[in-house]
Amino acid sequence: MLFVDVVGSTAAIVELDPEEAMAHMRPTLDVMHRVVEEFEGTVVRVTGDGLMALFGAPLALEGHALLACRAAIAIHAELALLPTRPRVRIGIHSGDLVAAKSTLRSLGDGAFGATLHLASRMEQLAAAGTTYLTAATYEMARSHFECTLAGTFAVKGFTVPIQVYELHGLGRAQLGGHAMASPSFAGRGAEMALLTKCLDKAWAGKARVAGIVASPGIGKSRLCHEFALLCGSRGVRVLTMRALAYGHATPYQPLRELLRTMMHVAAATPPERARQKVRRMLRALAPALEEHLDAVAGFLGIGDASAASVDPEMLQSKLLGIVHTLVRVPVSRPAVLIIEDLHWLDAASERFVRQLAAAATGTHTLVILNFRPVYDDAWLRGLRGTVIALSELGERATRAVTSELLGQDPRLAAIRDRIALRSGGNPLFIDALVHSLHERGLLTGKAGSFHVADATGSFELPSSIQSVLGERIDRLDEQDKAILQVASVIGLDFHLALLPQLTGRTQEQLAQSVARLQAAGLVEPLSWRDPVFAFKHPLIQEATYLAQLKARRSSLHAEVARALEAFYGNRADEFAGLLSHHYEAAGQPIVAAQYLVRAAMWIGKTDSAQALRYWKHACELVQGAPHSQALDSLRMLVNGQVVNYGWRVGMSQSEAKRHALEAQHYARESGDTMSLTLLKAAYGRIVGAAGSADHYVALVNEALDSIAGADDAGRTAMLKAQLSQAYRFAGRLSCALQANTEALRKVAKISKSDIQLMGFAPKPWIISIRGTILVEQGRFDRARKWLDRAIAMGISEPVVKFIAHLAYVRLAWFTHDAALAAVHASQVKSIADGSGIRYIQVYVQRCAGLAMMAAGDAEGAVIELTKGLRMARQINAARENEAPLLAEIAEAHGIAGRCDLAIATARRALSLARRRKSRIAECQALTVLAASMARHADIAVRTEAAGSFALAEQLATTTGSVAFANRLAQARQAVRSEVHEERELA
């Protein structure tokens, strides 16, 4: 129970009328009300100058006393930021009460009992700007907060004097996320000075990202912790996010937990209440963010089931935009975000971290990252961030740390020297060696005041940090060691609620064991909300894990997986990757693959690239399994989804073919004709990019033939849409337009399941393709109508949205409209940058090159088009652009007057276009080749021009491309004019 009262409020409003008084107090009351709710409290009563709040009722909450204390600290801090700087006194007491639903909604829940009265008395005793706690609350909070005894007071209504404590702030272990192993912090003055300088820049709104790189045990986390303490002393809010060693199995999880912390949403908060809190936080940060509530709520796993589905890349784009906005919200003081162990971060979360670090540059938000030397930090250096390389402590600092741990007993001088020498300046090694000597009975006392217990004992020191950690773990009580071993299988972090099922111990027994492990410096509390603990250092977890026999570890992984299934309940999809990781380690690949399917479907909503990685790994897991109907269906699914995701993420034709053939094999074996048609069409899309366009046409026609008698209008429409694209790739424009018309007529019949498999809405795509075909045909007026219609539809999916703008760039290039080309090239870039889809990035370069060519900048066009060509080949995506890009590069060389280079490039384009059956690109390459030959100084070369012109003319007729027929005519006319001018001059 928490009471808060504004000091001096009566004097402040005595001369105001009631309305003015309310207006004066409203900002203060609003802050108090909001903070209470942010920390899971329930406001019971609001008075004119204060409020009463409950924590742990009516909703049961773990750590309710800790939440109340955090709320009290936050109330003092946030009120200090108001212009009026109101001061309050707060009282907190923990105990039983009776709560009943009030009939007055404005009062919330009624509460009765001695708990209420004692909490009220604490508030009355407190001085302005302080918080008083009863002994009951102090006992629950003492390990998490800094408190001092305020005194013993006689309290009206209580016969025994009450001990009262003053709450000062968070304890050392809480400010930086977790406690550190070594009590001493020496030899890092230069590094702390650099971080302090970074903080000063953040105060000025000129923050730049900082990175700390060091080997394990050197002190990356300790430095971050000490800096967090410094920030806390200056009233700067610090948020910590930490990657886990199995981060690949839980993509986005660190970021999701960070956002939960920022939004003050606990995992146990009911979804509806959590959404309300997120809405309020978004609105408070920036009103424009409220429209993204569904995206944020869905990402946090508290989304409304009725919310419309969003394209994965579009959702990722929204989330990146939200993160960008969050760190750039104007504030009066800086915030610090510490992200630890970046080397373990999954690829999906790393993209967000990069976006966040870039967005925070030049703001009040200081982002600090730490990582091991194996991590590639080139991107961080590209942001001109500060990179701090930590090395082992110097000799003086090593001796200072060793002396502080051991104490000043003269008889310890020799052992101090030996420890300092053996540790090599590694702080974790120093700490482990001292602990080892104490546990072996060679030292008595406590840290900082040890004495020699047995002068005749062997003070032999282990040779490595792994050895000393192994010895320390072996010396543990068997029950404590068993608990530590189980925890090491769970991971770096573990929730106490998992351990009863895994160890057979009661909560009381577990609490006692964990307390002993804490005292030994092996684990530490990680959360102030829940009973979550972490290994003090990753090396301790690694040593504990590897010390167990493989068979024992496998058995534990299976038990952990089952415990996690029960623990996460309806959030199992969110943690399906983690469950898969444990089942795979347990030697159960099929169960692991089934969870990986769930993980791929979950992450596929936000990240196609990560989903593809999951689908590929699922293929590996089921590869050696026996055959059965269920397992063969699973094989068909996972291999088919690899092909389905491959075209937009990037995949070679050979890899796609392998997965496609396997999926098709199991579809035939099971007689699943419908799945077989989709598999053929999906494979055709990849073939169309990196292989023969005619082969793509054949595969889609084959799929259509297989359902000819099925009377499935929706499936037929979907395949006709793909056929339209295939014909366009092949340069058979009349056939493409006919297939497009047939698809458009029946697009409404396409089923939701087929749309889900496609990954985007079909109608905007079909309309965009239609406009593209009309551009290539040279029917520009009709093309504009269809392209404008597509753009007006407000397409959300980036992979569809950019197509109409791409077609407009092509139209502008054909018509030499440089301004129009620039506008739509910019739109394509905006879509690509917002989505992060590499497939579209290839088109960004192509559009930029065409726009430059339309503007007469041939040199710039060559640069941009060449970038696009290299990118397509590098990422193995959008390779349908290779032949067109080569033809366009050749044309740009020709415009620049480099005939030899234009001819050579045009021949490369011609060769590739013929192999790929890309007839439009072939036509363009022949046109450039002919025009460049006709301008060549060598008469022998000139004579070949006529043949190329004739072939280009035939292709323009075959393809039905009036646009290229006109371009060909213009090229011929230009050559004739130049020849005529030469003759006139001669």
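Helix 8 (residues 220-233) lies across strand 10 (210-213), strand 11, strand 12 and strand 13, and runs at about 160° to strand 13. Contact here means heavy atoms within 4.5 Å; helices (H or I, at least four residues) and strands (E, at least two) are DSSP runs numbered from the N terminus. Axes are lines fitted to C-alpha atoms, for helices over the stretch in contact, with angles from 0 to 180 degrees between N-to-C directions. The model is predicted, with local features requiring pLDDT of at least 70 and side-chain atom pairs counted only at pLDDT 80 or more, while totals for chains, interfaces and linings use all residues. Residues are numbered from 1 along each chain as its sequence is written, and side-chain values use heavy atoms, with hydrogens and water left out.

The strands under helix 8 belong to an open sheet of five strands, ordered 11-12-13-10-14 with parallel pairing. Two strands pair if DSSP finds at least two bridges between them. Strand 11 (237-242) and strand 14 (386-389) are the edges, each pairing on one side only. Disregarding direction, neighbouring strands are turned by 15° against each other on average. Within this sheet, strand 12 (residues 335-340) and strand 13 (residues 365-371) are joined in the parallel sense over five bridges, and alanine 335 has threonine 365 as its bridge partner in strand 13. Helix 9 (residues 253-263) lies across strand 11 and strand 12, at about 155° to strand 11.

An open sheet of three strands has the order 17-19-18 and antiparallel pairing. Its edges are strand 17 (493-495) and strand 18 (523-525). Strand 17 pairs with strand 19 (residues 532-535) over three bridges. Helix 21 (residues 507-519) lies across strand 18 and strand 19, running at about 110° to strand 18.
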